[in-house]
Amino acid sequence: MGLLLQPITSDDDFKELIECEWTAYETPYNGFKEIYCPTLGTGPNAREESIKECRERQLSDHKGDPTSHWFKVVDSDSGQIVGGAQWNIHRENPHVDGVGHIEAYWWPEGEGRKFASMGMDQWFGPRGSRMNKPHVLLAICFVHPAHRRRGAGSLLLNWGIQKADELDLETFIEAARPGIPLYSSHGFREVEEYWIDPKVEDPSEEWKQLKKKIPPIPWMFMWRTKQGRYEEGKTALP
């Protein structure tokens, strides 16, 4: 069986793509998925309805962002989407005015939204100081658990690396721990570890339940130099 890298060119692709994303982030569990694409409700259709909301939101964000480039990896025998990635190509500094507060409007008003908004700010906040220059960003990358270790991740990575080298730009990744070995093997360096860990004084019972459902989430800021040229002790970290 072979794998093919293809750009996302139609809205129809997003249905299978985001279903694959959910499955990937559920195995192993990725807490950030619960902040960015939560399963809201408890009924028999809660997951399906939550995937639909997440899909429509990600599609809308993609269409409204000229820097966004989505790709899929397809199994050539079955035609199944087995992985996906969103690359953002910033030919200019996107953070001249900083990042600003991100309101998690997809959560209902209340403690959940406050928790998720704080988590979003902790995730995206470092971009204002770390990515304040033209660059290429791997914003999202996932592979279906049944199709890992077949090279899908490398296919998705290589597109962005080649584009960055073509444009002579640095490349950044906000990496979950399971992805660090793959990114390191493609020339990305670990710069600093951050945590998503929303906290308030005198948390309510609802907040405590959210903390149990979404425990502190570590992520690594990773970076690849222009053209992949790095000299230990000489190349300055971002």
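Is Lys199 buried or exposed? Lys199 is exposed, with a relative accessible area of 58%. The model described here is predicted. An open sheet of 7 strands runs through it, with mixed pairing. The structure also holds 19 salt bridges.

**The sheet**
- The strand order is E1-E2-E3-E4-E5-E7-E6.
- Strand E1 (3-7) and strand E6 (189-196) are the edges, each pairing on one side only.
- Neighbouring strands are turned by 25 degrees against each other on average, direction ignored.
- E1 pairs with strand E2 (residues 68-75) in the antiparallel sense, over 5 bridges.
- Within this pairing, Leu3 stands opposite Asp75 in E2.

**Helices on the sheet**
- Helix H4 (residues 111-124) lies across strand E5 (170-175), E6 and strand E7 (217-224).
- H4 runs at about 165 degrees to E6.
- Helix H6 (residues 152-167) packs on the sheet and touches several strands, including E1, E2 and strand E3 (81-90).
- The direction of H6 makes about 15 degrees with that of E3.

**Salt bridges**
- Glu192 bridges to Arg130, with the closest N and O atoms 2.1 Å apart.
- Glu192 lies in strand E6 and Arg130 in helix H5 (residues 127-130), so the pair ties together parts 62 residues apart in sequence.
- Glu192 is partly exposed at 34% relative accessible area, whereas Arg130 is buried at 13%.
- Asp197 forms a salt bridge with Lys199 at 3.5 Å and another with Lys211 at 2.2 Å.
- Asp197 sits in the loop between E6 and helix H8 (205-213), and Lys211 sits in H8, 14 residues apart.
- Asp197 is buried at 17%, while Lys211 is partly exposed at 23%.
- Lys33, Glu34 and Lys213 are linked in a salt-bridge network.

Definitions and conventions: Residues numbered from 1 in each chain as written. Predicted model: local features only at pLDDT ≥ 70, side-chain atom pairs only at ≥ 80, totals over all residues. Heavy atoms only, no water. Pairing = 2+ DSSP bridges. Helix = DSSP H or I, 4+ residues; strand = E, 2+ residues; numbered from the N terminus. Axes fitted to C-alpha atoms, helices over the stretch in contact; angles between N-to-C directions. Contact = heavy atoms within 4.5 Å. Salt bridge = Lys/Arg side-chain N within 4 Å of Asp/Glu carboxyl O. Buried < 20%, exposed > 50% of the residue type's maximum accessible area, 1.4 Å probe, protein only.
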